[in-house]
Amino acid sequence: MKPIYKILIVSGIILIVSLGIYLGWRRFITPPTPDEQTPQVESEIQQIITSEVGVELKKLSEETVFNSWVIPGTREIYYFTPEGRVFSAKAGPDLEISQQTINALNFTQVELEAKQVLASFGDPRVPQWGIFDVIDGVWRPLPSEIVNATWGVNNDKLIAVIKNENELNLVEVDLSRNPPAYETLIRDFRLKDIKMTHIPPDRLIISEAPSASYTGRIWQLDLTTLSFNLLIAPEQGLTTIWSGDKRFAFLFGADSGFLILNDNFQIALPTPFSTLPQKCNVSASKIYCFVPQNVPLDVNLPDDYLQKKFYSIDDLFALDIESGSVERILTSNTGGFPAIDAKNVQPLDDRLYFINRYDNYLYELKLR
């Protein structure tokens, strides 16, 4: 071989190695983008993806979703967009129910018959409140003095905190009256930054906003006797979400871990996995939970999850309520399935509906 060829070959090798070192060094010193930190999700899934065990997944909504709910009687699925528009999710084009936009949705809560939705919007420190009626497809504003609210014993009643001059009172709101009428339950109600849940027939569960930075508590108020007692002692990261039928409470705490409780806050079932309450719900006979495959040690729960600093990759488990047996139904990010970080799980017959946090679309999972 002529010397000139040897020189060219050696020069070429040196150039390739140098380029590789340079690119590797640039990648090392450059912070990863969000797309590099999280798995990619095919946001335009149109076909049905089927797993080896017969589970079928398809994207259902055409719009990104703030929250969704199902009406069991009619088997219809509805969702709010982040702008407050309302759609009925269909196999074909989604049907727009309301074009009215809402400034900054904060919170939605469906009443037990799932035909009306309570919502807060605007500045979360001074929110406005309204009710969306699925039947009429219209929004009904609520009085401006309401600063916090939850559904009461039926869809004509709310339990609310109202501002009366410089005083906050806990009241029952009668929506059948025009204007709505108040019955005072507790005057000078001092609890702030709370979530309230009515448990039939006459209990109100009050929980402080969850944070790993400070301890939260959970109380119970008997709406008949007005007796008030502490249910859960102060604990960091304390989070509670109720199943749609109010039979179970899913609880997470820094010390407690993940627990499944009955409506008296007693342990209902042993939990062979750990997850977050917003990833669970219940059907007639089973509890379904999406469970993170891995949570890094430096992740601060629930704050990093709620602030979207951490996205999980979930497996789906079914826990039999009667026998306590557990079954892994789905492993995401493998076998052709996209990465799933599920929230707002809604069972309906042989299907689960959930929002995937990676793309914020509504998905339908057909169980085998």
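**Stop 1: a hairpin**

Select strand 15 (194–199) and strand 16 (203–208). A hairpin of three residues links strand 15 to strand 16 in this predicted model. The two strands pair in the antiparallel sense, over six bridges. To see one facing pair, show Met196, which stands opposite Ile206 in strand 16.

Now colour strand 15 by accessibility. Is it mostly covered or mostly open? Five of the six residues in strand 15 are buried, so "mostly covered" is the right choice, given that buried means under 20% relative accessible area.

Next, click on Pro201, in the loop between the two strands. Pro201 has a relative accessibility of 60% and therefore counts as exposed, the cut-off being over 50%. If you draw a distance from the C-alpha atom of Pro201 to that of Asp222, your viewer should give 9.7 Å, although the two residues are 21 apart along the chain.

**Stop 2: the sheet around the hairpin**

Widen your selection to strands 15, 16, 17 and 18. They form an open sheet in the order 15-16-17-18, with antiparallel pairing. Strand 15 and strand 18 (228–236) stand at the edges: each has a single partner strand, so one side of each has no neighbour in the sheet. From one strand to the next, the twist averages 15°.

Inside the sheet, look at strand 16 and strand 17 (residues 215–222), which run antiparallel and are joined by five bridges. Pick out Leu204 here and you will find Leu221 of strand 17 opposite.

**Stop 3: another open sheet**

Move along the chain to strands 19 to 22. Here again is an open sheet of four strands, ordered 19-20-21-22 and paired antiparallel. Its edge strands, strand 19 (239–242) and strand 22 (267–269), each pair on one side only. The twist in this sheet averages 40° from one strand to the next.

For a detail, select strand 20 (residues 248–253) and strand 21 (residues 257–262), an antiparallel pair joined by six bridges. Which residue of strand 21 is the bridge partner of Ala249? Show the side chains and you will come to Leu261.

**Stop 4: the disulfide**

Select Cys280 and Cys289. They form a disulfide, with their sulfur atoms 2.1 Å apart, and the structure holds one disulfide in total. The torsion about the S-S bond is about 120°, so this disulfide is right-handed. Both ends are covered: Cys280 is buried at 6% relative accessibility, and Cys289 is buried at 0%.

**Stop 5: the nonpolar cores**

Show Leu316, Ile329, Phe354 and Leu365 as spheres. These four touch the most other members of the largest nonpolar core, which has 18 residues. Six strands each supply at least two residues of this core: strand 24 (286–292), strand 25 (314–320), strand 26 (326–331), strand 27 (342–348), strand 28 (351–356) and strand 29 (361–366). Strand 29 gives the most, with three residues.

Centre the view on Leu365. Beyond its neighbours within four places in sequence, Leu365 has contacts that include Val55, Leu57, Leu316, Phe337 and Phe354. A second, separate core has 14 residues, among them Ile71, Phe80, Val86 and Trp139.

**Stop 6: backbone details in the loops**

Select Asn178 and Pro179, which are joined by a cis peptide bond with omega about 0°. Pro179 lies in the loop between strand 13 (167–174) and strand 14 (181–186). Another cis peptide bond, with omega about 5°, joins Leu301 and Pro302. Pro302 is in the loop between strand 24 and helix 3 (303–306).

Now try Ala114, in the loop between strand 7 (105–110) and strand 8 (116–121). Its phi is near 65°, a positive value in a residue other than glycine. Ala114 is buried, at 4% relative accessibility. Asp188, also not a glycine, has a positive phi of about 55°. This residue sits in the loop between strand 14 and strand 15, and at 35% relative accessibility it counts as partly exposed.

**Last stop: zoom out**

Show the whole protein as a cartoon. How many helices and strands are there? The count is three helices and 29 strands. Of the 368 residues, 47% count as buried. Switch to a surface view: the protein exposes about 19,200 Å², and carbon and sulfur atoms supply 52% of that.

Note on methods. Residues are numbered from 1 along each chain as its sequence is written. This is a predicted model: local features need pLDDT of at least 70, side-chain atom pairs count only at pLDDT 80 or more; totals for chains, interfaces and linings use all residues. Side-chain values use heavy atoms; hydrogens and water are left out. Buried means under 20% relative accessible area, exposed over 50%, partly exposed in between (1.4 Å probe, protein chains only). Two strands pair if DSSP finds at least two bridges between them. Axes are lines fitted to C-alpha atoms, for helices over the stretch in contact, and angles run from 0 to 180 degrees between N-to-C directions. A nonpolar core is a set of buried Ala, Val, Leu, Ile, Met, Phe, Trp, Tyr and Cys residues joined through side-chain atoms within 4.5 Å. Contact means heavy atoms within 4.5 Å. A disulfide is a pair of cysteine sulfur atoms within 2.5 Å. Accessible areas come from the Shrake-Rupley method with a 1.4 Å probe; for residues, only the protein chains shown count as cover.
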